[in-house]
Amino acid sequence: MATIHHRAETGEATYVTAEPARHITPVAAKALAVLRIAFGLTFLWAFFDKLLALGFHTGYGQDGTLDRFGDAAWINGGSPTEGFLKFGADGPFKGFYNSIGGTVWADTLFMLALLGIGLALTLGIGMRVAAIAGFVLYLMMWTVALPPENHPFLDEHILGAISMVVLASYYAGDTWGFGKAWASNKFVKDNPVLR
């Protein structure tokens with residue numbers, strides 16, 4: 001966007017280009033911070049539930065009995081991806097997800113993504129990388145079962161993906177997070193994708 005400034009004395013025009021300012025109200029900044037922290041804690045909780053089989057989604061046997069800290073825990077050899085990808089997949093990508101469900105590399109990448117995205121969002125650091133990773137993870141989870149159960153194409157995974165973009169676009173880590181301090185780091189300044 002170009003802005004034209006005229007000098008009264010000489011009549012010369014100066015063209016100044018700048019990015020449009022991102023102005024949000026203090027209430028909006030706080031609302032985005034709450035949304036960011038809520039998403040961050042959701043990712044962290046999913047990580048710890050799958051890591052330890054805390055019983056909020058992970059740890060139930062096929063007969064419905066709960067075995068907290070049991071065999072379903074990732075630290076005890078359980079797979080955080082096998083159940084959802086092998087038994088919950090449906091639609092055009094079912095074969096692909098069935099084939100990777102329970103593999104060591106898929107389990108490891110999934111758990112690292114949950115932990116990394118959760119920490120970044122909760123702390124308000126590395127929002128761009130976290131937003132990209134969160135966006136991709138949400139889209140992948142959306143493609144596991146297509147079409148969605150309650151809408152022809154929208155579900156909570158698409159809303160989560162959109163939210164990741166909004167949180168990074170408005171620097172949601174700067175309010176009630178360490179985003180400003182993180183951004184002032186020389187390494188982050190030299191590598192703005194880490195902002």
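Reader: Before anything else, what are the axes of helices, and how do the angles between them run?
Author: Axes here are lines fitted to C-alpha atoms, for helices over the stretch in contact. The angles are taken between N-to-C directions, and they run from 0 to 180 degrees.

Reader: Great, so at what angle do the axes of α1 and α6 cross?
Author: Keep in mind that this is a predicted model. The axes of α1 and α6 come within 11 Å of each other. On the α1 side the contact is made by L32, L35, R36, F39 and F43, and on the α6 side by G160, S163, M164, V166 and L167. The axes cross at roughly 130°.

Reader: Are α1 and α6 oblique or roughly antiparallel to each other?
Author: To count as roughly antiparallel, the angle would have to be over 145 degrees. The two axes cross at roughly 130°, and α1 passes α6 in a left-handed crossing. The helices are therefore oblique.

Reader: Let me step back: how many helices and strands are in the chain?
Author: Starting at the N terminus, the elements run β-β-α-α-α-α-α-α-α-α. Counting them up gives 8 helices and 2 strands.

Reader: And what share of the chain is made up of buried residues?
Author: A residue counts as buried when its relative accessible area is under 20%. The chain has 195 residues, and the buried share is 34%.

Reader: How far does helix α4 reach from its first C-alpha to its last?
Author: Helix α4 covers residues 104–123, which is 20 residues. At 1.5 Å a residue, 28 Å is expected. The model comes close to that, with a reach of 28 Å.

Reader: What covers the buried residues of α4?
Author: The buried residues of α4 include F110, M111, L114, I117 and L121. Several other helices help cover the buried residues of this helix. Among them are α1, α2, α3, α5 and α6.

Reader: Which residues of α5 does α4 meet?
Author: α4 and α5 pack with their axes 9 Å apart, at an angle of about 135°. That makes α4 oblique to α5, and the crossing is left-handed. From α4 come F110, A113, L114, I117, A120 and L121. In α5 they meet M127, A130, A133, G134, L137 and M141.

Reader: Which residue just after α4 takes a positive phi?
Author: Look just past the end of α4, where phi is about 80°. The residue there is G124.

Reader: Now for charges: which residue forms a salt bridge with R195?
Author: The structure holds 2 salt bridges. In the one made by R195, the closest N and O atoms are 2.9 Å apart. R195 is in the segment after α8, and the other residue sits 21 residues away in the loop between α6 and α7. The partner is D174.

Reader: Is R195 buried or exposed?
Author: Buried means under 20% relative accessible area. Its partner D174 is at 18%, so D174 counts as buried. R195 is at 17%, so R195 too counts as buried.

Reader: Which residue does K186 meet in a salt bridge?
Author: The two side chains come to 2.8 Å, N to O. The pair lies in helix α8, 4 residues apart, so about one helical turn separates them. K186 counts as exposed because its relative accessibility is 59%, whereas its partner, at 48%, counts as partly exposed. That partner is D190.

Definitions and conventions: Residues numbered from 1 in each chain as written. Predicted model: local features only at pLDDT ≥ 70, side-chain atom pairs only at ≥ 80, totals over all residues. Heavy atoms only, no water. Expected span 1.5 Å × (residues − 1). Buried < 20%, exposed > 50% of the residue type's maximum accessible area, 1.4 Å probe, protein only. Contact = heavy atoms within 4.5 Å. Salt bridge = Lys/Arg side-chain N within 4 Å of Asp/Glu carboxyl O. Parallel < 35°, antiparallel > 145°, perpendicular 65-115°, else oblique. Left-handed = near helix turned anticlockwise from the far one by under 90°.
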